[in-house]
Structure formats: C-alpha cells, structure tokens
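Hi,

Could you take a look at the structure below when you have a moment? My notes on it follow underneath.

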Amino acid sequence: MSTHANTTATSVYEQLSKLGIELPPVAVPAAAYVPFVRSGNLIFVSGHIAKKDGKPWVGQLGRDVDTATGKAAARAIAIDLMGTLHAAVGDLNKVTRIVKLMSLVNSTGDFTEQHLVTNGCSELFAEVFGPVKGAHARSAFGVAQIPMGACVEIEMIVEVAAD
C-alpha cells in the first residue's frame, strides 16, 4: 500500500511540473466569503474569476472575447483553483475526485459555446488528475456579467481522502 501511495504522492505534482504549471497562492477574497469550506471529505471551492497578469481577465464572449480565448481563461482559472485546493488540503494527491464544476461565462445573449469555454478547465483537470479522478459533473451558464467584468468564473466541489 505505501509503495502505491508513494507513486501516487508525486504523480499530481510531476504532472503539473511536466505541464510547466506553478501553483499560485490562495487569492484574497474580493467580498465577504472564504476561499474554501471543508465539510467531511468534500471541499467546496469558491468561484474564481479569470485573471491575466494578476488582473481580472475582462471581456464578454460573443462580443470582444472569442471561444478560444475564453477557453484559455478557463484553463487559467483551473490553475488558480488548484492553488486554492492545495492550500485547503496540503497535498493535491489527497484528491479522490473532482466532483463538480460550475462555470459562469460572461456572454452575449446569442453566444452558445459556454460548454466549449469551460472545457479549458475540465480538460486541464483530466490532464492533471487523470481520466477517473479528473472526470466530473458540471454546469456551464451564460450570464450577463461577472464581478469586475471578468470573462469567466468557475467554482468546484472536490472529494478528498479522509485525514
């Protein structure tokens, strides 16, 4: 068992390193909430907005942001979410499943590719955590606006091993 645990113990961080990803520290909440809450073996991670160069990645899909750029923004959010998750559990190898994502896409009324934008986050989780642990349920919504004009916001629920 411990041999398997050691193999698993480095796999998430080795994968992040292979992808050239360095996890950021937990972002300071912009309002009256906490970055995450643990209830039993579930971690509820608050919504993270897309950031570029440390500032909100602003824009509206269907108006001034295209689907590919939105997908890149969602991928950037996945990295921030993992940074918060790492702070919550201390070791991403304790993740047993990415359970659910909820994605809000700042988009025009006629933009219909919210699901493709959200793939930027979903696909990175599959790469980092693998096809089983990284597979998750999700919802992707088009919304009229997101705080600070960000183009995408994503929150997640994650199951972790018992302490």
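Let's start in the sheet: strand 5 and strand 7 run antiparallel and are joined by 9 bridges. Along that pair, Ser-103 faces Ile-154 of strand 7, and Val-95 sits opposite Val-160, also in strand 7. Helices (H or I, at least four residues) and strands (E, at least two) are DSSP runs, numbered from the N terminus, and two strands count as paired if DSSP finds at least two bridges between them.

Before going on, some housekeeping. This is a predicted model, where local features need pLDDT of at least 70 and side-chain atom pairs count only at pLDDT 80 or more, while totals for chains, interfaces and linings use all residues. Residues are numbered from 1 along each chain as its sequence is written, and side-chain values use heavy atoms, with hydrogens and water left out.

How sure is the predictor? pLDDT is its confidence in each residue, from 0 to 100. The protein averages 93, and 94% of the residues score at least 70. Residues 1-9 are another matter: pLDDT stays under 50 there, and the model has 3 contacts beyond four places in sequence for them (contact means heavy atoms within 4.5 Å). Where pLDDT is low, the predicted coordinates should not be read in detail.

Back to the sheet. It is open, with 5 strands in the order 1-2-7-5-6 and mixed pairing. Strand 1 (36-39) and strand 6 (137-143) are at the edges with a single partner strand each, so one side of each has no neighbour in the sheet. On average, neighbouring strands are turned by 15 degrees against each other, direction ignored. For angles, axes are lines fitted to C-alpha atoms, for helices over the stretch in contact, and the angles run from 0 to 180 degrees between N-to-C directions.

Here are the other pairs:

- Strand 1 and strand 2 are antiparallel, with 4 bridges, and Ser-39 stands opposite Leu-42 of strand 2. The two form a hairpin with 2 residues between them, and Gly-40 in the turn has a positive phi of about 65 degrees.
- Strand 2 (residues 42-49) and strand 7 (residues 152-160) are antiparallel too, joined by 6 bridges. Phe-44 is opposite Ile-157 of strand 7, and His-48 has Ile-154 as its bridge partner in strand 7.
- Strand 5 and strand 6 are parallel, over 7 bridges, with Leu-101 opposite Arg-138 of strand 6.

Which helices pack on the sheet? Helix 2 (residues 67-89) does, touching strand 1, strand 2, strand 5 (95-106) and strand 7, and its direction makes about 140 degrees with that of strand 2. Helix 3 (residues 114-133) packs on the sheet as well, touching strand 5, strand 6 and strand 7, at about 170 degrees to the direction of strand 5.

Helix 2 also passes a length check: at 1.5 Å a residue, its 23 residues should span 33 Å, and its end C-alpha atoms are 33 Å apart, which agrees. (The expected span is 1.5 Å times one less than the number of residues.) Gly-90 follows helix 2 and has a positive phi, near 80 degrees.

Best wishes

Definitions and conventions: pLDDT = per-residue confidence, 0-100.
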